[in-house]
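Student: Could we take a close look at one small part of this model together? I would like to follow it step by step and then see what surrounds it.

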Amino acid sequence: MDLMKDFKTEFMTNEALQNLISSWIPELEFTEEGSQFLNISVKPEQLHQLLAQLKSNTETSFDYLFCLTGMDWGKELGVIYHLESTAHRHIIVVKVQTEDRENPTFDSVCDIWRTAEFHEREVFDFFGIKFNNHPNLKRLFLTDEWEGFPLRKDYVDEINMVIK
Amino acid sequence: MDTTIANSNFKSEEYFINMGPQHPATHGVLRLLLTIDGEIIKKVEPDLGYIHRSIEKMCERDSYQQIVHLTDRMDYLSSHINNEAVCLTVENALQLEIPDRVKVIRTIIGELTRIASHTLWWGVMGMDVGALTTYFYGFRDREMINDIFEETCGARLTMNYNIPGGLMFDIHPNFVKRTKEFIAHFKTKLPEYDTLLTGNVIFQKRMKGVGVLTKEDAISFGASGPVGRGSGYSCDVRKYHPYSALDKVTFNEALKTEGDSFARYQVRIQEMWESMSIIEQLIDNIPEGDVQVATNAVIKLPKGEFYQKVETARGELGVYINSTGTKNPYRVKFRSPGFSNLSLLNHIAVGGKIGDLVASMATLDLVIPDIDR
């Protein structure tokens, strides 16, 4: 495990990460409850700024977006970003949510991580969450004629395709 | 000089063709919309969903034991490792202490799965670029692994050998003997792969400099597995987030810096050697003990979020489970390696020829149910 030795010096603990990131944007909420990673809740209007800084800052250097999950918490819709630094190997989770179920919209992060292009299309397909500045936002798996967004909790599965 | 057809100013025109969803080189129902100018590719747009089964939605109605069995229908060539990913997530959430015997057996079978997947890939990749013999060599060796699986698990492909808490049952008495026989056999056969294909000049011309992916782009596109490592991006989950018995073995991470199709090819060949080395370190030292720990018949995870990464034959598989404390998960997300690896296909194929696209796709080693889920 010689590889790991080099990372130890620059690896940031959750506490160090929290101290650094909260100095950028004061209104962020941090929690480690119920998760093995440090979680940050961010307001939609600060999302892009935060994520761009998480990647570009040399101390955090979160250059690997390894998972982008659409989420329906019942009342709110949102997106969960799992980020890892390939240089320092620390991991962080960023969450954003909105109560607007009619027209949920967040800023796209395609310009920060190119993998987001496909992942955001998947979220749009299943949750109906729109992403500003996405180059090609359209359904990815389902047909264009499909009505509704099947992974939303209030989706009515009329022909019992999934839920028996 | 008179204007003839030969020296008139032809205008080239872009047009689009469908590649798939039934194209043999896509190895499954993947449709690619190619915008081409002559034979030069201008754009590749994948059209997905032909084999989408909404596994994530089905997980929300299923128990944790049932979810395990859905996952080997994603990347069916890494079925054991997919099962293991869900089991590890559930076990970590329940804070179960898993016996060492289970960990070692899981790792051995996981590496056998990787070899089986790579031999199949090697066979069909050769076929994609016109070397039909490889197909038979690859399947001949993979057959021996499938026989080992069949004897122990009763299944050859979708094995369902893992359960939350351990393994379905103990290994077959022949398992150790036959695994050793396979390793001894494959050590003589893997060099044949090189003799037959790797050194072939025609093959190398099809592969070298084709579908080049830089390290920065590999990270940005979320590439993982041999696709990332062919670009010099050290991303082996087994190294950085070791699970099961992988922290007890030593192995080298296969890395190449060229980033072209040939580099990805070489990474997979080297990985087969490394997997054999891992198996050899463990096969004589399988600890005695139970193969299961007791779990409740109805598993309820505590409230919270759980994430587990594993390294399948294709790269990093992530399992995200959000639990509200009931017997069903509230939300499950599978971060599949093929999905991210496919997203970079347009990037590496533009500017190349259609034949190069086939070579690039072959070395991305896509499994379509893994992408569609």
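Which residue in E2(A) is the bridge partner of Glu29(A)?

Tutor: Happy to walk through it with you, keeping in mind that this is a predicted model. The residue you are after is Ser41(A), which is the bridge partner of Glu29(A) in E2(A). That pair belongs to a wider arrangement: strand E1 (residues 29–31) of chain A runs antiparallel to E2(A), and three bridges join them. Together E1(A) and E2(A) make a hairpin, with six residues between the two strands. In the turn sits Gly34(A), whose phi is positive, at about 65°.

Now look at strand E2 itself, residues 38–42 of chain A. Its covered face is made up of Leu38(A), Ile40(A) and Val42(A). Asn39(A) and Ser41(A) form the uncovered face, so to speak of Ser41(A) is to return to the partner of Glu29(A).

E2(A) has another partner too. With strand E5 (residues 91–98) of chain A, E2(A) pairs in the parallel sense, over five bridges. One place to find this pairing is Val42(A), whose bridge partner in E5(A) is Val96(A).

Val94(A) is a good next stop. Setting aside neighbours within four places in sequence, Val94(A) is in contact with Ile40(A) and Val42(A), and also with Leu50(A), Leu51(A), Tyr81(A) and Leu83(A). Ile40(A) and Val42(A) are residues you have already met on the covered face of E2(A).

From here we can step out to the largest nonpolar core, which has 141 residues. Val94(A) is among the members that touch the most others, along with Val79(A), Tyr81(A), Leu83(A) and Ile92(A). The element that gives the most to this core is helix H4 (residues 100–128) of chain B, with 12 residues. As a general point, nonpolar side chains tend to be buried together in soluble globular proteins.

Since chain B has come up, let us finish there. Chain B holds 15 helices and eight strands. Its radius of gyration is 22 Å, close to the 21 Å that the globule rule gives for 373 residues, so chain B is as compact as a globular protein of that length. Buried residues account for 51% of those 373 residues. Where chain B meets chain A, 29 residues of chain B are in contact with 26 residues of chain A. On the chain B side, H1(B) gives the most, with four residues.

Methods
Residues numbered from 1 in each chain as written. Chains lettered and ligands numbered in written order. Predicted model: local features only at pLDDT ≥ 70, side-chain atom pairs only at ≥ 80, totals over all residues. Contact = placed C-beta atoms within 7 Å. Core = buried A, V, L, I, M, F, W, Y, C linked by C-beta atoms within 7 Å. Buried ≥ 20, exposed ≤ 12 C-beta atoms within 10 Å, placed from the backbone. Rg over C-alpha atoms; globule rule 2.2 N^0.38 Å. Pairing = 2+ DSSP bridges.
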